[in-house]
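Biologist: Please take me through this model one feature at a time, with the general idea before each case.

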Protein chains: 2
Amino acid sequence: MAGDSGADGDNSGTGTHPTKDGKKATIRDVAKKAKVSLGTVSNVLNDPERVAPATRNRVLKAIEVTGFVRNIAARQLRGGGSKAVGIVILDSSNPFFTEMIRGAEDALRQEGYLLIACSTDGSSDREAMYLRHLEEHQVEGVLITPSNDDLDQIIDFHDRGTPVVLVDREANSGELCSVTVDDVKGGSIAISHLVEDGHRKILFVNGPMSIRQCRDRRAGVDVALKGQRSPHATDWIEVIDLEVPSLSIAAGEEISLELLNIDPSISAIMCANDLLAIGVMRGLASSGSDLLSRVALVGYDDITFSSLVSPALTSVHQPQYDLGYAAARLLLEELSDSGHRHHEIRFTPDLVVRESSIKKSSPA
Amino acid sequence: MAGDSGADGDNSGTGTHPTKDGKKATIRDVAKKAKVSLGTVSNVLNDPERVAPATRNRVLKAIEVTGFVRNIAARQLRGGGSKAVGIVILDSSNPFFTEMIRGAEDALRQEGYLLIACSTDGSSDREAMYLRHLEEHQVEGVLITPSNDDLDQIIDFHDRGTPVVLVDREANSGELCSVTVDDVKGGSIAISHLVEDGHRKILFVNGPMSIRQCRDRRAGVDVALKGQRSPHATDWIEVIDLEVPSLSIAAGEEISLELLNIDPSISAIMCANDLLAIGVMRGLASSGSDLLSRVALVGYDDITFSSLVSPALTSVHQPQYDLGYAAARLLLEELSDSGHRHHEIRFTPDLVVRESSIKKSSPA
DNA sequence: ATAAGTTTTTGAAACGTTTCAATAACTCAA
DNA sequence: TTGAGTTATTGAAACGTTTCAAAAACTTAT
């Protein structure tokens with residue numbers, strides 16, 4: 001092996017450069033430069049202990065001089081992974097999801113993975129399209145908040161070979177990993193807070209009952225009320241249901257018009273999520289209503305801005321960042337463990353009490 | 001060509017399935033099933049007019065039966081594009097950026113591209129790491145808000161072959177496409193609003209002058225004041241500068257403590273972005289201060305929640321969604337036009353007046 | 001110098017898809 | 001039927017990287 005004395009003079013002067021015909025440097029260029037085989041270059045990249053130090057340094061030098069950047073597609077074709085994970089969410093303008101993405105990104109970055117972000121806006125067709133694209137890309141896994149209750153297309157996708165972790169959604173029967181928050185419990189602690197504050201007639205502004213989260217949060221209300229109704233209870237707690245078509249600020253604003261004339265004995269409003277609650281607040285303020293000086297308001301999610309609105313919103317805190325982080329870690333575990341068993345991580349929500357529910361007088 | 005009578009009996013009954021050894025179906029399996037060549041299958045997928053209808057239908061049937069899903073890595077290796085674009089932003093918890101991502105995603109989805117989201121949190125090292133990963137993945141382009149003023153690593157990245165569009169940042173001298181908002185103009189219209197309302201002593205809470213947007217917005221203030229000072233002006237307008245270390249809610253809250261004792265002749269505060277302004281509001285509210293009932297407040301960005309805080313924030317509106325959408329469209333143009341010339345799209349901001357700056361009495 | 005054991009390097013083949021020159025098949029007119 | 005022109009299909013080779021059996025090189029003991 002004659003020493004490479006650096007006298008071969010191609011592309012003298014500059015540090016990094018493509019090959020002479022303008023193409024990006026490949027492993028073949030590095031091998032030629034270092035006067036070793038393709039396999040040796042690959043070993044330096046992937047199994048450096050297997051290469052003698054002198055050879056290894058020569059190859060590393062050649063990598064630097066040629067400006068070589070590995071081609072993931074070639075590696076992937078030969079059997080390597082894509083080092084990419086998809087995340088499929090409902091709505092990227094809801095801070096609930098952007099915090100979740102942040103958690104997932106942080107976890108994946110630690111392992112050198114890229115995160116492909118996809119928003120379905122609740123469309124099953126768009127979800128299918130994204131899953132198809134992700135499958136063509138051979139992503140190593142997908143974190144997904146389903147667009148609807150029907151998991152069939154997600155199960156099919158998973159059965160075709162891509163690991164899936166459900167986020168904020170349980171699997172039906174252990175066929176997938178999932179990360180959730182106990183929304184039944186969340187509903188319970190919200191309503192309990194209001195009941196303990198003396199409220200006896202409470203309006204529940206919910207989203208579509210076809211959405212599982214809406215069903216669970218409402219179910220939590222029932223669980224809490226059952227626990228409150230001891231045999232010798234002397235007062236009666238009533239919950240009035242109002243369903244809106246979507247869990248958005250706009251839907252909250254729209255329903256606020258109906259709240260202007262609500263039964264005066266209603267002393268509290270619980271909303272199925274913070275965007276709804278914020279929309280209600282906004283709509284009432286626009287109408288010049290002072291309803292919220294009389295009536296307590298509780299939201300659900302505790303998104304970043306809930307503490308910033310006025311009155312600051314009491315809300316059931318969901319650990320959004322932790323959801324994303326835990327989901328990504330679960331997926332990474334599944335990727336590294338061939339004998340992986342699916343399981344669920346369930347977070348417990350807690351209530352953050354702020355101005356919107358404090359010191360409202362309940363009716364005598 | 002004997003007809004395929006469906007009597008070959010492999011995997012009978014189910015619609016889609018992998019090959020007999022559990023691997024995903026490849027183009028080779030489709031070709032075998034349809035009794036055509038690999039090239040014919042590829043033509044059906046990529047140039048269907050070139051295939052006779054009877055053959056084409058047979059191949060499409062085989063694609064369905066085998067459950068074939070194209071492998072992008074193989075296509076990419078042979079010379080096709082990755083159908084993926086990276087977007088590199090500063091902070092995914094700032095609604096300014098999440099709206100921008102949304103615009104980019106919508107534009108790219110129309111052309112069948114996936115969006116890879118990367119947050120730098122202002123770190124140049126992290127930016128370098130992401131650029132490297134994106135390069136290995138051979139993304140077809142990158143939309144990027146630079147982590148700092150030094151564009152060197154981004155230019156190098158671009159020079160190595162990946163198209164780049166700067167977002168909310170100008171290129172230095174036409175070497176890259178960019179999409180920006182005229183922050184000088186934005187600063188001007190904000191301060192003009194305050195001056196027209198009669199304010200003569202105005203505090204400017206800015207971020208680090210090392211950040212170009214902060215410099216531009218402040219420069220806009222000077223431009224507007226020059227225009228206001230006619231030779232025979234009888235009153236004097238004074239702007240007092242206060243610099244904070246970061247453009248965040250937290251920094252705004254912290255500086256609000258210093259605002260408790262400001263010169264009473266200051267009748268207006270302009271903040272370099274909405275997060276700062278919201279932090280100031282929050283901090284003042286926490287301190288029980290009624291400063292904002294006397295002093296006008298103006299922010300910059302008009303993020304989604306600025307209308308929801310109290311008082312609703314007057315703010316310079318940046319078209320965040322449009323920034324992202326336009327950047328992605330610029331990139332797509334560059335990809336489809338081999339004679340592409342770089343250019344810049346510059347949006348003009350406009351002021352949205354809300355409660356925070358209305359009807360404050362300026363000092364006599 | 002020779003043999004045995006260990007370390008290092010090599011290079012052929014695989015991966016899935018696309019491309020295009022060559023071949024085969026088809027159609028129509030004489 | 002034959003020949004010319006057109007359409008449709010084929011299949012070899014390329015793309016960049018990894019893998020692993022085989023070969024080469026090195027080290028140590030006799």
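Modeller: Let us begin with the vocabulary of elements: helices (H or I, at least four residues) and strands (E, at least two) are DSSP runs, numbered from the N terminus. This is a predicted model, in which local features need pLDDT of at least 70 and side-chain atom pairs count only at pLDDT 80 or more, whereas totals for chains, interfaces and linings use all residues. Residues are numbered from 1 along each chain as its sequence is written, chains are lettered from A and ligands numbered from 1 in the order in which they are written, and side-chain values use heavy atoms, with hydrogens and water left out.

Biologist: Where does Pro311(B) lie?

Modeller: Pro311(B) sits in the loop between β9 (296–301) and β10 (314–317) of chain B, and the peptide bond leading to it from Ser310(B) is cis, with omega near -5°. In chain A, a cis peptide bond with omega of about -5° joins Ser310(A) and Pro311(A), and Pro311(A) is likewise in the loop between β9 (296–301) and β10 (314–317).

Biologist: By what turn and shift can chain A be laid on chain B?

Modeller: Two copies of a chain are related by a rotation about an axis and a shift along it. Here, with least-squares superposition on the C-alpha atoms of residues with pLDDT of at least 70 in both copies, chain A falls on chain B with an RMSD of 0.1 Å after a turn of 180° and a shift of 0.1 Å along the axis. The two copies are thus related as by a two-fold rotation axis. The same surface serves both copies, since 100% of the contact residues of chain A (contact meaning heavy atoms within 4.5 Å) recur in chain B.

Biologist: At what angle do α1 and α2 of chain A pack?

Modeller: Two packed helices are described by the angle between their axes and the distance between the axes. The axes are lines fitted to C-alpha atoms, for helices over the stretch in contact, and angles run from 0 to 180 degrees between N-to-C directions. Helix α1 (residues 27–34) and α2 of chain A pack at about 105°, with their axes 8 Å apart. They are therefore roughly perpendicular, a label given to angles of 65 to 115 degrees. From α1(A), the contact takes in Ile27(A), Arg28(A), Val30(A) and Ala31(A), and from α2(A), Leu38(A), Val41(A), Ser42(A) and Leu45(A). Lys35(A), in the loop between these two helices, has a positive phi of about 55° although it is not a glycine.

Biologist: Which residues are closest to DNA strand C?

Modeller: A residue is near a strand if one of its heavy atoms lies within 4 Å of it. Strand C is surrounded by 24 residues, the closest being Ser37(A), Thr40(A), Thr55(A), Ile27(B) and Arg78(B). Of the strand's atoms within 4 Å of the protein, 67% belong to sugar or phosphate and the rest to bases. Among the polar contacts (here, pairs of N or O atoms within 3.5 Å), a phosphate oxygen is 2.6 Å from a polar backbone atom of Ile27(B), while a base nitrogen is 3.2 Å from one of Ala74(B). The largest share of this surface, 4 residues, comes from α2(B).

Biologist: Which residues come nearest to DNA strand D?

Modeller: Of 25 residues around strand D, the nearest are Ile27(A), Arg78(A), Ser37(B), Thr40(B) and Thr55(B). A polar side-chain atom of Asn46(A) lies 3.2 Å from a phosphate oxygen of this strand, and a base nitrogen is 3.2 Å from a polar backbone atom of Ala74(A). On this surface α2(A) gives the most, with 4 residues.

Notes
Polar contact = N/O pair within 3.5 Å; in protein donor to acceptor, adjacent residues only side chain to side chain. Parallel < 35°, antiparallel > 145°, perpendicular 65-115°, else oblique.
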